[in-house]
Amino acid sequence: MRLLRLIAGLLPLCIAQPAAANALGSDGFTHSGWTSKDGIPGMLQALAQTPDGYLWLGTYEGLYRFDGVSFEHVPPAPGHPAGAIPVSAVFVARNGDLWVGYAGGAGAEIYRHGALVRAGMPNAPGEITEFREDADGAIWAVGGRTRRMLKRYSHGQWQAIDARWGVPDDEPVSSLFAARDGTLWLAAKTRLLYLRRGATRFEDSGRRIRDGASMAQDAAGDLWISDPSGTWMLPDYPRGQRTAHNTVFYPAAPTVRRTMILFDRAGNLWGSTYTGGVFRIPQPGRSAPDAVVRYASSDGLTSNQAVAMLRDREGNIWAATEVGLDQFRRANVVQVPLPPKTTATGYLIAADQRGNVYIASGATLYRVPPGGDPVPILAGLDEPRALCRGRGDALWLVELGSVLRLEQGRITARLPLPDAGPTTGCGEDGAGRLWLARLDLGVLRRDGDRWQRIALPAAAGRAQDVTIDAAGNPVLVLDRRALMRIEGSEGRLWSNAAIGVAGLTLVRGMPEGLYVAGGTGLARWNGKGFARLSIADHPWLRGIRGMVHTPRGETWMINNKGILRVTTADLDRAFADPHRPLAHDLFGEQDGLTSRTQGSDGAQMAMGGDGRLWFLTRQGVVRIDPAALVRNPTPPPVRIRALTADGVRHADPVTLTLAAGTRSLAIDYTALSLSVPSRVRFRYQLEGVDPDWTDPGTRRQAFYTNLAPGTYRFRVIAANDAGVWNRTGATLEFTVPPTFLQSRLFVLLCLAAAGLVLWLLYGLRLRAVARRMRARMAARIAERERIARELHDTLLQGVQALVLRFQLVADDIAPDQPARRALEEALDRADQVLVEGRDRVRNLRASGDDGQDLAEMLLDVVRRQAFAPTTAIQVVTTGAARPLNALVRDEVTRIANEALFNIWRHARAGRVEIEIVYRAASFGVRFRDDGVGIPADILKAGRREGHFGLTGMRERADKIEAELTIRSGPAAGSEVALLVPAAIAYARSTRRRRARRTAMGDELA
């Protein structure tokens, strides 16, 4: 039976083929594909990448650009021939121009400043197949599949390249290649020619080739050519060399019709074929002729008809096929070419102290020496169930019925088991005792030369796994819900509640403590208690099944999310502060991991002596070399693709003025990192609206609504899949003009309207006040006139009568009598009283429109004050004089009298100025002097103690709704200004009164 098992174990080794490594993603490269379901617009013809990072696709449906996520159509130039839609060639010149060649006789166009323009190619061929640029900046165009067309574009002119240039008339041109030394190479149907820089005639190399050849130049400057027969290095024919210094020939597959080749950054040669898919030659010239790796539709390629290839600015390789687009990218996670597992147990892994990694797969045990690949060392194993590291160089492998002790790959002992039950875990403690966890069969311990069954508490459950902690004590995992650590003859039991983690998936002893992982997080025993990291704070820590610390200060783990990396220092800080963020890197499908971790017990990863990490998955074994991780160092170019405002789309905007009243807008942005577009992250900010950067994750659109009129600046930055940020990003300035209702003109009109309304209200108010004032003044005048009449009709007439009677009495007295003289003196005094009384009555009946000038009246007031002769007094009138209302005139005169009296008595002024101002809106009078001024306390109090002159002036001003202002400063004189609204100050014109009286007369008539 063991012989049969040995034969069964060797059989997979015999049938395992290296071709398994050719499957996409299994040979150090990851593969992504886009087809029509992902938005591929149609059959692809050509590929190019412009400096801004866009990938350009020539398709049967026209020209498209690709940002890694979406395909955007670019319309042809104005004047493009109708119906000539297919794009058959695209090429980027050194100045950044994108040259576009069409089928259907449409010639060539150039993409500049966001649009295509016609290139003016005369006698365009039915199809342009290729563009090239020579060392002098001239653009060469190859046309026609069955007949030759070769044109050269320089200084705005096209030139036909014909037999005068040494190009054979009888052969179509397959391809052109511009070498770095300035030589231009031409592959015709059967001949290879070259054009030296500055020459005008091609030379025949003498090399015969097959139709469909393509050329590429490696990093050392050597030229390689590939045609349907194979791939080889060319001699330096321009220098007279006839044999290349490397003569390795790589034959092509039988179905290859034509090729296109290029080199990647690592020096591998890639090629597309018209019928044979894609091939790769690792390090051509240094690899064997049979080292060609082929990718076909059976391996996941979108089609075997690959028509174009491209290496982008990040080093990725792209292939355009008839039905899709394929990307090849260096993988960090490499699939290890091992036969598939043949047992339910799956793969087993462990490492010895020398750094060798051991992997059990099916009935075979493999050893991976540091820096090497897996090598089978044992075959015919009887269903391996557990693999663990022992003390020293020992390694323990548990079969169905026995346990093997290995040292340096050799079996040094075989220990039969007491029964043939399954074993799920093993470990050798510090005392050299071997422990086996056997589920329903309990726990076995090897003491000396015999097995001992270890009894577990009744409620402990079944033993699923065993591990050894840093102190050499065995720790048993019981039904994924408890742990038992055995120290000597005593056991310590920890439940899920005590650990703080449920559904245990990992228990590993490390120098800093015992790590316990499960479905709810990760915990670490530090000798006193468990510190926990919950999935509530770190959801990516769910179900860890493997953990390794590396000498580089990193901790690597694996779970169903993928392979995880954190720095060990960050992990320690996280256990000290469980709620703090823990930065981590996730390696998943985009990095080459094509399966999930195994669900079995035991170690699921190991580290070799060379630092490489090996992981077990459901479908095989993968490895990562932390020292050789592929990291994308290129910051992604950031572009703003479009701004859509109220349904109107503006493509590739730089500055925009939107329609007035724009209410909502969406801004589409992108980052041209094509390696892993799904991992590109963004941050954006609309200055003046967003207080800080907004983190939308991987979303490539921003939305804004209800923006106020104004000019805005939108900024967006991005990071590539490796977290390298382009912090300059892209900027868009746009203006939202105001509608008429939002414009400054409307605001000014509103303000003007409001001002007009206020002015009208003020005018109405002023008129109402004026009417009340006139009514009061009319009442006061009427009262004065009544008093004047009463005085005239009673007092003055009575006194006059008495004077006449007394005069009669005086006339009867002899002239020489003393009484007559006294009586006549009394009568003279009575006459004076009558004169004064009549003056008073006349003043009471004055109408205010007596023609006396106000300036003269104020001068009369000045004269009555008896100013000193040295005091200069000036009266100035501004504006056309108008008659004042009687009451206003009277109050003005009294205020003037008080103001001039104060100046005469207190100011000790040398100059007094009186200014009378007549304006349409107001009447004013101002009194200025250059005297000592009014003391500040009096000016503040508004009156002098025991005096009421200033108070009286203000009261008189209030009576006529006037504004009285008194200003003064120490030794700066004083100023008294009275301002009366025109509607109150001025008497109504005679014409108006006459018209009103005429109208009243007509009504009475």
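Ala 983 has its place in helix H10, which spans residues 982-985, in what is a predicted model. Because its relative accessibility is 22%, Ala 983 counts as partly exposed, the buried class being reserved for values under 20%. Although Ala 983 and Leu 766 are 217 residues apart along the chain, their C-alpha atoms are separated by 7.0 Å.

Another helix, H4, covers residues 744-812 and contains Leu 745. On the surface, Leu 745 belongs to a nonpolar patch that it forms with Phe 740, Leu 741 and Leu 749. Together these four residues present about 420 Å² of accessible area.

Strand E32, made up of residues 364-368, has four of its five residues buried, and it is therefore largely enclosed by the rest of the structure. Strand E31 (residues 357-361) pairs with E32 in the antiparallel sense, and E32 also runs antiparallel to strand E33, which comprises residues 375-378. The two pairings of E32 are set out below, each with its number of bridges, the residues between the strands and a glycine with positive phi.

| Strand pair | Bridges | Residues between the strands | Glycine and its phi |
|---|---|---|---|
| E31 and E32 | five bridges | two residues | Gly 362, near 65 degrees |
| E32 and E33 | three bridges | six residues | Gly 371, about 80 degrees |

Within the pairing of E31 and E32, Val 357 has Val 368 of E32 as its bridge partner. On the side of E33, the residue that stands opposite Tyr 366 is Pro 376. Both pairings are hairpins: the one formed by E31 and E32 includes Gly 362 with its positive phi, while the one formed by E32 and E33 carries Gly 371 in the turn.

Turning to the interior, the structure holds three cavities of 30 Å³ or more, and the largest cavity has a volume of about 100 Å³. That largest cavity is lined by 13 residues, of which Asp 465, Thr 505, Leu 506, Val 507 and Asp 601 are the closest to its centre. Which strand gives the largest share of this lining? That share, five residues, comes from strand E46, which extends over residues 504-510. Empty space of this kind is revealed by rolling a probe the size of a water molecule over the atoms.

Methods. Residues numbered from 1 in each chain as written. Predicted model: local features only at pLDDT ≥ 70, side-chain atom pairs only at ≥ 80, totals over all residues. Heavy atoms only, no water. Patch = residues over 30% accessible without salt bridge, like charges linked within 9 Å, V, L, I, M, F, W, Y side chains within 5 Å. Areas by Shrake-Rupley, 256 points an atom, 1.4 Å probe, with all protein chains shown as cover. Salt bridge = Lys/Arg side-chain N within 4 Å of Asp/Glu carboxyl O. Buried < 20%, exposed > 50% of the residue type's maximum accessible area, 1.4 Å probe, protein only. Pairing = 2+ DSSP bridges. 1 Å grid on protein atoms, 1.4 Å probe; cavity = no way out; pocket = protein on both sides within 12 Å on 5 of 7 lines; lining within 4 Å. Points joined across faces, edges and corners; volume = space filled by probe spheres on them.
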